[in-house]
Amino acid sequence: MDIYQIKNSILEIRGIKVILDFELAKLYEVETRVLKQAVRRNIDRFPSDFMFQLTEIEMHHLVSQNVIPTLNHFGGAKPFAFTEQGVAMLSSVLKSKKAIHMNISIMRAFVMMRQWALTHQELSARLDALEQQYGQKFSDIEQVLNFLIQKDQKKTQQQQRDRIGFKK
């Protein structure tokens, strides 16, 4: 699986980057219920900063923001949201070779997103400094940055849509 596909599975909930249990189950090629069972058997390994369960309000918010197509997508259960540390802990709970390889890819995706965020912050800081230095706003640069951010968001939304038509 491509790191960019994994990156599109990473959401921000409660101000934290997370991956939901059903997305991880797809990546690990196991049923969501199997993943949840393994976590529940080892719940002491997953403190609240490693994993938390979504609330009804958060589930509705994900649907309203078109991140998830419908509440039925959750399968009737409140999903677990795993932070980067929680995903790392999953490798000790799910011991298959697939889980280990996927964890490595997921960790790389989290690192890539952190680097992208830092680069974006640096660009914003530099733009602010230039605007203060020259006493004017560089609206064209700001528009380009906003366009690029929106383009990434639209691409993510398109990739997360349910596919229609012939499926292999």
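User: In what order do the four strands of the open sheet stand?
Analyst: This is a predicted model. Its four strands form an open sheet in which the pairing is antiparallel. Strands of a sheet pair through backbone hydrogen bonds. The order of the strands is β1-β2-β4-β3.

User: Which strands stand at the edges of this sheet?
Analyst: A strand at the edge has a single partner strand, so one side of it is left without a neighbour in the sheet. This applies to residues 10–13 and to residues 51–53. The strands at the edges are therefore β1 and β3.

User: Which residue in β2 is the bridge partner of E12?
Analyst: Strand β1 is joined to β2, residues 16–20, by four bridges, and the two run antiparallel. The bridge partner of E12 is found in β2. That partner is K17.

User: What angle does the direction of helix α3 make with that of β4?
Analyst: Helix α3, residues 32–41, packs on the sheet. There the helix touches β3 and β4, the latter being residues 80–82. The angle between the directions of α3 and β4 is about 75°.

User: Which element gives the largest share of the largest nonpolar core?
Analyst: This core has 21 residues, and L24 is among those that touch the most other members. Two or more residues each come from α2, α3, β4, α5 and α6. The largest share is four residues, and the element that gives it is α2.

User: How many residues does the other core have?
Analyst: Another core lies apart from the largest one. Its members include F22, L54, L62 and A81. The number of residues in this other core is 10.

Technical notes:
Residues are numbered from 1 along each chain as its sequence is written. This is a predicted model: local features need pLDDT of at least 70, side-chain atom pairs count only at pLDDT 80 or more; totals for chains, interfaces and linings use all residues. Side-chain values use heavy atoms; hydrogens and water are left out. Two strands pair if DSSP finds at least two bridges between them. Contact means heavy atoms within 4.5 Å. Axes are lines fitted to C-alpha atoms, for helices over the stretch in contact, and angles run from 0 to 180 degrees between N-to-C directions. A nonpolar core is a set of buried Ala, Val, Leu, Ile, Met, Phe, Trp, Tyr and Cys residues joined through side-chain atoms within 4.5 Å. Buried means under 20% relative accessible area, exposed over 50%, partly exposed in between (1.4 Å probe, protein chains only).
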